Amino acid sequence: LVYTPPQADKPRHYSIGSPCLTGEYLRLTVGLESNPSTAHGFGVSSHVLCTELAIGDSISAKIRRHDAFHPLQQPQQKMILLATGTGIASYPGFVEERRMQQSQGQTWLIFGNRSPELDFYYQALWQAGLDDGTLFRVDTAFSDTDGKYIQHTMLEQAELLYHWVVQEQAHIYICGRQQTAGDGTKAAFLQIYQSIGQTDAASAEQWWEDCLGKGRIHMDIFGK
């Protein structure tokens with residue numbers, strides 16, 4: 001969703017978390033960002049969306065397709081969904097689409113944030129996906145309580161991740177900020193490929209580039 005808030009000089013982009021197979025509503029996941037340069041102390045766009053809009057209000061926005069970041073159309077093809085913070089935004093729609101495809105046990109979610117009490121977004125939805133078999137498993141990393149970040153959780157599941165991405169040719173989806181989701185998950189995958197595959201850093205980097213070239217790595221990265 002491309003939205004330009006009032007008095008803003010550039011648009012903001014938000015991932016849509018409702019399924020593409022239905023067109024009844026749009027689900028957004030918006031974090032209320034701090035910004036000391038504004039009068040209210042928050043981000044211009046997030047302040048409008050999180051605090052100023054009331055039920056029944058409307059905004060003017062555009063839909064922009066992200067063709068490289070959609071669920072696979074093959075229900076039996078494995079997908080690994082990795083996200084940090086509000087990078088989880090797209091995945092409720094992904095899981096709903098996989099459910100409509102009757103995909104069973106082919107989708108694995110790994111999510112990192114700060115607090116399990118405050119920041120485990122859509123927890124009930126993920127549990128429903130586990131209960132009906134749409135999700136294979138859900139792994140988490142909460143830095144405030146267990147001191148772990150998403151890459152630490154990935155390394156704990158190194159052998160299974162290696163099996164999925166190397167032997168089962170799973171597609172990898174990464175969404176979140178560059179430093180956490182982008183850099184952190186790539187570093188973990190390279191380390192896993194080296195250690196489990198018993199190879200060197202150059203070979204791991206080449207494997208990553210090959211996956212990118214084949215369209216098996218899908219990224220929606222923002223910020224720093």
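**Entry 1. Helix H1**

I began with the cover over helix H1: strand E1 (2–3) and strand E2 are among the elements that lie over the buried residues of H1. I then listed those buried residues, which are Ser45, Ser46, His47, Val48 and Leu49. I note here that the model is a predicted one.

**Entry 2. The nonpolar cores**

I next looked up the largest nonpolar core and found that it holds 25 residues. Ile80, Leu82, Ile110, Met154, Leu161 and Phe189 have the most contacts inside this core. I also recorded the elements that give two or more residues to the core: strands E4 (79–84), E5 (107–113) and E7 (171–177), together with helices H5 (150–156), H6 (158–167), H7 (178–197) and H8 (201–213). Helix H7 gives the most, with six residues.

I asked which residues methionine 154 is in contact with, leaving aside its neighbours within four places in sequence. I found Leu82, Ile110, Leu161, Thr185, Ala188, Phe189 and Ile192. I also noted a second, separate core of 18 residues, which includes Leu109, Phe111, Phe120 and Leu135.

**Entry 3. Threonine 84**

I located threonine 84 in strand E4. Was this residue buried or exposed? Threonine 84 has a relative accessible area of 11%, so I entered it as buried, the cut-off being under 20%. Leaving aside neighbours within four places in sequence, I listed the contacts of threonine 84 as Phe111, Gly112, Ile150, Cys175, Gly176, Arg177, Thr180 and Ala181.

**Entry 4. The cysteines**

One of the contacts of threonine 84 is Cys175, and I turned to the cysteines next. I asked how many disulfides there are. The count came to zero. Cysteine 211 is in no disulfide, and the nearest cysteine sulfur, that of cysteine 175, is 19 Å away. A disulfide needs the two sulfur atoms within 2.5 Å, so this pair does not qualify. I also checked accessibility: cysteine 175 is buried, with a relative accessible area of 1%. Cysteine 211 counts as buried as well, at 2% relative accessibility.

**Entry 5. The largest pocket**

I then turned to the pockets. Rolling a probe the size of a water molecule over the atoms shows where empty space is left. The largest pocket has a volume of about 1200 Å³. I counted 47 residues in its lining, and those that lie nearest its centre are Leu1, His13, Tyr14, Ser15 and Ile16.

I asked which elements each supply at least two residues of this lining. I recorded strand E2 (12–13), helix H1 (44–52), helix H2 (91–100), strand E7 and strand E8 (217–222). By class, the lining of the largest pocket divides into 19 nonpolar, 19 polar and nine charged residues.

**Entry 6. The second largest pocket**

For the second largest pocket I noted a volume of about 740 Å³. Its lining has 23 residues, and Gly85, Asn113, Arg114, Arg177 and Thr180 are the closest to its centre. Arg177 and Thr180 also appear in my list of contacts for threonine 84.

Strand E5, helix H5 and helix H7 each supply at least two residues of this lining. I asked which element gives the most to it. Helix H7 does, with three residues, and helix H7 also gives the most to the largest nonpolar core. By class, I entered the lining of the second largest pocket as six nonpolar, 12 polar and five charged residues.

**Entry 7. Residues in loops**

I closed with three loop residues. Glycine 215 lies in the loop between H8 and E8. At 30% relative accessibility, I entered glycine 215 as partly exposed. I also compared its place in sequence with its place in space: glycine 215 and alanine 68 are 147 residues apart in sequence, yet 8.2 Å apart from C-alpha to C-alpha.

I asked where glutamine 102 is found. Glutamine 102 is in the loop between H2 and E5. Its phi is near 60°, a positive value in a residue other than glycine. Glutamine 102 counts as exposed because its relative accessibility is 63%, and the cut-off is over 50%.

I placed glutamine 198 in the loop between H7 and H8. The phi of glutamine 198 is near 50°, again a positive value in a residue other than glycine. At 73% relative accessibility, glutamine 198 counts as exposed.

How values were computed. Residues are numbered from 1 along each chain as its sequence is written. This is a predicted model: local features need pLDDT of at least 70, side-chain atom pairs count only at pLDDT 80 or more; totals for chains, interfaces and linings use all residues. Side-chain values use heavy atoms; hydrogens and water are left out. A nonpolar core is a set of buried Ala, Val, Leu, Ile, Met, Phe, Trp, Tyr and Cys residues joined through side-chain atoms within 4.5 Å. Buried means under 20% relative accessible area, exposed over 50%, partly exposed in between (1.4 Å probe, protein chains only). Helices (H or I, at least four residues) and strands (E, at least two) are DSSP runs, numbered from the N terminus. Contact means heavy atoms within 4.5 Å. On a 1 Å grid over the protein atoms alone, a cavity is a set of points where a 1.4 Å probe fits but cannot get out, and a pocket is an open set with protein on both sides within 12 Å along at least five of seven lines; lining residues have an atom within 4 Å of a point. Grid points are joined across faces, edges and corners, and a volume is the space filled by probe spheres set on the points. Ala, Val, Leu, Ile, Met, Phe, Trp, Tyr, Cys and Pro count as nonpolar, Asp, Glu, Lys and Arg as charged, and the others, Gly among them, as polar.
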